[in-house]
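Thanks for coming. I'll take a few minutes on one structure, so please have a look at the sequence and the model first.

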Amino acid sequence: MNKRTIKNTIILFKGYPYKDSESVMRQRVPLIPLSLISLAATLRDAGYSIRIIDQRDSVESIYLSLNRQWDKVLCVGISALTGNEISEGIEFAKRIKRNHATIPIVWGGWHVSALPDESIRCDEVDIVVRGLGQCSFLELVRRISRNEPLTGIDNILYKSEKGIVKAPISAYPLLERCSLPAFDLIDLEYYREHSLKLRYKPVINGIPITGHLYYVSSFGCPHECSYCCSNSVFGKRMYSYGTQGAVNQIRWLVEEKKFNSMSFVDANFFVNMQRVEDFCKALVASGVRFAWDAQMHIRDVIRYEQHGLWDLIKKSGCYRVSIGSESGAQDILDYIRKRVQVDDILRTAEIINAHGLIAAFNFLFCLPKVEKLSHVYESIDLARRLKEINPDFLLAISFYVPFPGTSMYDDAVGAGLSVPNTLQSWGEFNTNYAHASNSYPWKSPKMERLIYNVLTFFIPLAIPGNMYRGTLRLVREKMKSSKMRLFFWIGHRLAKMRLNHSCYRFPFEIWIFNYYRFVRGIPPYVPGGKGVA
Ligand code: B12
Ligand code: SF4
């Protein structure tokens, strides 16, 4: 290496979450690397040169494309969620270790933050950064560039000559002082074009959608749901970017880059009411016209109603909130520490409906240790009542997949689940319920079938909505043949009878429907796993 070469480049890498062969998306739909552009912004502003690797190619071709740049590389940052992203990260790191052994490899993201001690033991990991990367990573990079010791940087673990050093955990500095994600460092047009493939609704609130984007304005959540590892990654706190800066960036993304639909993927966007009020007011004042949706906790829906904030939220472009209702059984709500009553969920639905927004209610099933058939029936009853409030409400179902760093994960292990104990083997951990659940001791195919049949077939057929998914009215509009219309009408009546009598045995309608799918070459349904709050 030329002695005068300045090592100023940081390579940021994130693999793809699904193994191609198991992909529920069936093709590589590019996922915008939010974690990488969030880290990149602060580093770039401090004068470093950033190379983001955004999953478009195989690890092999990515590695080769970097061929001439290695002399300038100061360190490599790898971001990974549990599962395949780890495998791809390790594969990439192995190649670097083989040929450029002195380049430090820093890992961050949800998995290594939840299991830092186990992760740092992996040969392909030199340093682990826990939680918010924007803050610790910059200081880390500065020390590496000056060849200084890493002592005194909180929230990291690293390998030293004396062994593994574990720095204390502390609250992060104010995120308001950090630079906003560097969207300009990636090929936004490429993501915009692909984003349209995922939309099933081309017009929202009268706005023809030209691009959909995940946007993040805050991190962390003070709640303690027992299936979610937010607390083990960010603590029970919440950190947010400055409001006006985020609104200016959103305006640029909408007006210049044509992303006029956004999902705020904050862990819990609405948790700080003052922040949301300021944010929505700033959006309205900016005049930006776009459609957005976000996750919301049941208690926040009620709180916002008490403070009269719903009209403002709607005016700022919100058209849908996703609610983690999870269950209609109080026992289960208590077990998952949702800290709400079943009646609160119904009240939530009334409020959202009264303000003319759409809610997507997520139900979580197949939990270890506690779940009984009677709980499922209670959830079915709740789901039905929610759809009766507004047939356009969406019902989303998730089947529980255990993730480390949560208390329900400990219950899953207690219930006999055998789990990996190295970072490498976590890379093989299957995050897709349909593939993984055969190894779950609490698996109940009978319960799964009931849930799937009722929530995705009988309820939508009995109480059809019209808005976002292909439910009955929409299908009927499209149907030309009167014979098909008759079939749907019969199915609708039968589904209503089933709901009225809670009778779901011998679901011959589904058998006929599946036969129809089979004849048409439509693949069978694959249940998914728990994703977000
Ligand atoms: C958008 C999203 C998706 C998208 C895209 C995922 C992707 N791979 O990009 C889709 C819809 C595809 C998806 C799918 C799934 N998801 Co998801 N998803 C999210 C969501 C809502 C936002 C992620 C995001 O982009 N955040 C914004 C970025 C900026 O934050 P970040 O990644 O945390 O990065 C920060 C820090 O972690 C850290 N950091 C991250 N990487 C690095 C690297 C270095 C070097 C450093 C220093 C720091 C660092 O610094 C960053 C900036 O502060 C999160 C919940 C959340 N609010 O974060 C869940 C979440 C990530 N998903 C989750 C799950 C379970 C899933 C699924 C498994 C669900 C399923 N069963 O099908 C699948 C498969 C995901 C997988 N295992 O790879 C879990 C992950 C748990 C885990 N241990 O991995 C989360 C955390 C939800 C939850 N609360 O449980 N998801
Ligand atoms: S599931 Fe949602 S509300 Fe519950 S702790 Fe996680 S982020 Fe917070």
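Is the crossing of helix 9 and helix 10 right-handed or left-handed? Before I answer, note that this is a predicted model.

Start with the two helices. Helix 9 covers residues 243-255 and helix 10 covers residues 273-286. Their axes come within 9 Å and cross at roughly 40 degrees. Angles under 35 degrees would count as roughly parallel, so helix 9 is oblique to helix 10. As for the hand, the crossing of helix 9 and helix 10 is right-handed.

Now the residues in that contact. Helix 9 contributes T243, Q244, A246, V247, I250 and R251. On the helix 10 side they meet R275, D278, F279, A282, L283 and S286. By class, the residues of this contact are six nonpolar, three polar and three charged.

Next, the sheet. It is open, has seven strands in the order 2-1-3-4-5-6-7, and its pairing is mixed. Strand 2, residues 49-53, and strand 7, residues 163-166, are at the edges; each has a single partner strand, so one side of each lacks a neighbour in the sheet. On average, neighbouring strands are turned by 20 degrees against each other, direction ignored.

At the strand 2 edge, strand 1, residues 9-14, runs parallel to strand 2, and five bridges join them. Within that pair, L12 has I52 in strand 2 as its bridge partner.

Last item: helix 6, residues 133-145. Helix 6 lies across strands 1, 3, 4, 5 and 6. Against strand 3, residues 73-79, helix 6 runs at about 155 degrees.

How values were computed: Residues are numbered from 1 along each chain as its sequence is written. Chains are lettered from A and ligands numbered from 1 in the order in which they are written. This is a predicted model: local features need pLDDT of at least 70, side-chain atom pairs count only at pLDDT 80 or more; totals for chains, interfaces and linings use all residues. Side-chain values use heavy atoms; hydrogens and water are left out. Two strands pair if DSSP finds at least two bridges between them. Helices (H or I, at least four residues) and strands (E, at least two) are DSSP runs, numbered from the N terminus. Axes are lines fitted to C-alpha atoms, for helices over the stretch in contact, and angles run from 0 to 180 degrees between N-to-C directions. Contact means heavy atoms within 4.5 Å. Angles under 35 degrees count as roughly parallel, over 145 as roughly antiparallel, 65 to 115 as roughly perpendicular and the rest as oblique. A crossing is left-handed if the near helix is turned anticlockwise from the far one by less than a right angle, and right-handed if clockwise. Ala, Val, Leu, Ile, Met, Phe, Trp, Tyr, Cys and Pro count as nonpolar, Asp, Glu, Lys and Arg as charged, and the others, Gly among them, as polar.
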